[in-house]
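The following note is offered to a colleague who is beginning to read protein structures. Please keep the sequence and the structure in view while working through the points.

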Amino acid sequence: MRVLGIETSCDETAASVVALDGDSAPEILSNVVLSQIEEHAAFGGVVPEIAARAHVEALDGIVEAALGDSAVSLDEIDAIAATAGPGLVGGLIVGLMTAKAIAAAANKPMIAINHLEGHALTARLTDGLDFPYLLLLVSGGHTQIVAVRGVGDYQRWATTIDDALGEAFDKTAKMLGLPYPGGPNVEKVAAKGDASRFAFPRPMKGSAQPDFSFSGLKTAVRQAATAIAPLSDRDVADICASFQAAVADALGDRVARALARFGQEFPDQANPALVVAGGVAANRTIKATLEALCSEAGFQFVAPPQKLCTDNAAMIAWAGIERLRAGMAGENGADFVPRSRWPLDSVSAPLVGSGRRGAKA
Ligand code: KG4
Ligand code: ZN
């Protein structure tokens with residue numbers, strides 16, 4: 001089985017070919033990702049119109065490069081899988097139209113993929129994990145804990161009631177005058193800071209509601225920064241370190257709760273695993289916190305390589321293979337309309353006031 005994947009839901013233009021032969025391990029034959037960070041940096045965040053235009057300009061070349069790198073011809077491809085949501089609708093239209101056109105011209109099926117499903121199934125591509133397992137998705141657009149029970153069978157156990165975690169990192173960075181994207185810069189500066197100088201709140205810690213919240217923490221950072229302005233480099237480093245410590249602590253509390261619930265709901269899973277995905281999973285303080293929690297709770301900690309944790313098309317191609325293999329490729333992707341909002345789990349009702357209002361909705 002060979003599937004061409006296309007991803008254009010935010011600010012990465014990506015294409016990839018993934019192959020699965022019989023019972024052997026799947027193989028990523030190509031994985032081309034073009035980041036638009038430079039196009040958006042001057043604006044301190046992703047600008048939807050610029051993103052859509054950049055996708056239009058780049059996608060054909062990226063698909064060609066992915067096919068070229070894989071040494072697989074379009075004839076040998078079994079299906080085209082493209083991200084159809086959630087995300088910025090302009091980019092989704094570009095990716096989906098391109099995929100539909102290729103599928104029509106080459107007479108291949110087209111599979112519409114939920115971007116979150118791509119993240120959710122990556123650990124099966126990289127680590128061959130068996131269902132069920134727990135997924136923590138922490139990116140610029142999402143902060144969720146999902147029980148991954150099977151292909152197309154996901155249950156969201158927690159989400160953010162306000163900002164996504166990556167968004168909180170990016171806004172904190174902006175407030176402190178650090179360049180975009182904020183997360184990696186906050187981490188870098190935090191390494192030189194004193195994490196005990198500011199006692200920032202740990203939102204939702206100990207709450208019976210399983211969800212996340214980060215906007216109160218962001219406000220506390222703003223107030224602390226305003227109170228001692230103008231900020232020295234030392235102040236900025238201490239604020240970043242204290243912010244990161246608060247985030248790791250709050251996140252750890254939420255995840256510990258989910259690990260316990262997983263143990264109760266899936267007592268037969270002898271090798272429970274927590275998988276992390278999303279750009280924030282690169283953060284070493286957060287990773288160390290999660291690793292410690294997992295070893296305490298007897299969970300395997302799975303962090304796929306960074307390139308497959310952040311947005312890419314290999315995860316979309318792989319989700320296409322999973323769906324083909326399970327006979328769940330859908331009726332006809334060619335009729336699929338892009339969805340800027342598309343919850344992975346149709347059961348969990350959206351939280352009041354929740355959800356992404358910004359670029360990575
Ligand atoms: O998954 P991703 O590349 O893109 C999407 O949001 O879809 O995640 C990007 C987010 C940004 O908010 C970025 O600031 C954050 O991940 N991020 C980090 C780190 N590296 C990236 N946050 C904290 N620490 C990091 N090292
Ligand atoms: Zn993503």
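Are Phe198 and Phe200 buried or exposed? The answer opens the first point below.

1. Two neighbouring rings. Phe198 is buried, and Phe200 is buried as well. The model discussed here is a predicted one. A pair of aromatic rings is described by the distance of the centres and the angle of the planes. For Phe198 and Phe200 the centres lie 5.6 Å apart and the planes meet at 5 degrees; because planes under 30 degrees apart count as stacked, this pair is stacked. The count of aromatic pairs comes to nine.

2. An edge-to-face pair. Phe262 and Phe299 also form an aromatic pair, with 5.7 Å from centre to centre and 70 degrees between the planes, an arrangement described as edge-to-face. Phe262 belongs to helix α8, whereas Phe299 lies in the loop between α9 and β10 (300-302), so the pair ties together parts that are 37 residues apart in sequence. Phe262 is buried, its relative accessible area being 1%. Phe299 counts as buried too, at 9% relative accessibility.

3. The aromatic cluster. Phe262 and Phe299 belong to one aromatic cluster together with Trp157 and Phe266. The ring of Trp157 has a further partner: the charged end of Arg261 sits over this ring, 3.9 Å from its centre.

4. The open sheet. Five strands make up an open sheet in the order β3-β2-β1-β4-β5, and their pairing is mixed. Strands β3 (27-35) and β5 (110-114) are at the edges; each has a single partner strand, so one side of each is left without a neighbour in the sheet. From one strand to the next, the twist averages 20 degrees.

5. The edge strand β5. Strands of a sheet pair through backbone hydrogen bonds, either parallel or antiparallel. Strand β4 (residues 79-85) and β5 run parallel and are joined by five bridges. Ile80 has Met110 of β5 as its bridge partner, and Thr83 stands opposite Ile113 in β5. What covers the edge strand can be judged from burial: five of the five residues of β5 are buried. On one side these are Met110, Ala112 and Asn114, and on the other Ile111 and Ile113, so that both faces of β5 are covered.

6. The zinc site. Helix α4 (residues 115-126) lies across β1 (2-7), β2 (12-19), β3, β4 and β5, and runs at about 95 degrees to β5. Which protein atoms are the donors of the zinc ion (ligand 2)? They are NE2 of His115, NE2 of His119 and OD of Asp311, lying 2.1 to 2.2 Å from the ion. Along the chain these donors follow the spacing H-x3-H-x191-D. Distant parts of the chain are thereby linked: His119 is in helix α4, while Asp311 is in the loop between α10 (306-309) and α11 (314-325), 192 residues apart. His119 counts as buried because its relative accessibility is 3%, and Asp311 is buried with a relative accessible area of 15%.

7. Helix α5. In helix α5 (residues 165-175) the buried residues are Leu165, Gly166, Glu167, Ala168, Phe169, Thr172 and Ala173. These buried residues pack against the strands β6 (133-138) and β7 (143-150), and against the helices α6 (182-190), α7 (215-228), α8 (233-265) and α9 (284-297). Just after α5, Gly177 takes a positive phi of about 80 degrees.

Note on methods:
Residues are numbered from 1 along each chain as its sequence is written. Chains are lettered from A and ligands numbered from 1 in the order in which they are written. This is a predicted model: local features need pLDDT of at least 70, side-chain atom pairs count only at pLDDT 80 or more; totals for chains, interfaces and linings use all residues. Side-chain values use heavy atoms; hydrogens and water are left out. Buried means under 20% relative accessible area, exposed over 50%, partly exposed in between (1.4 Å probe, protein chains only). Helices (H or I, at least four residues) and strands (E, at least two) are DSSP runs, numbered from the N terminus. Contact means heavy atoms within 4.5 Å. Two strands pair if DSSP finds at least two bridges between them. Axes are lines fitted to C-alpha atoms, for helices over the stretch in contact, and angles run from 0 to 180 degrees between N-to-C directions. Donors are N, O and S atoms within 2.8 Å of the metal (3.2 Å for Na, K and Ca); water is not among the atoms, so sites may look incomplete. Rings of Phe, Tyr and Trp (its six-membered ring) pair if their centres lie within 6.5 Å; planes under 30 degrees apart count as stacked, over 60 as edge-to-face and the rest as tilted. A charge sits over a ring if NZ of Lys or CZ of Arg is within 6 Å of the ring centre and within 35 degrees of the ring normal.
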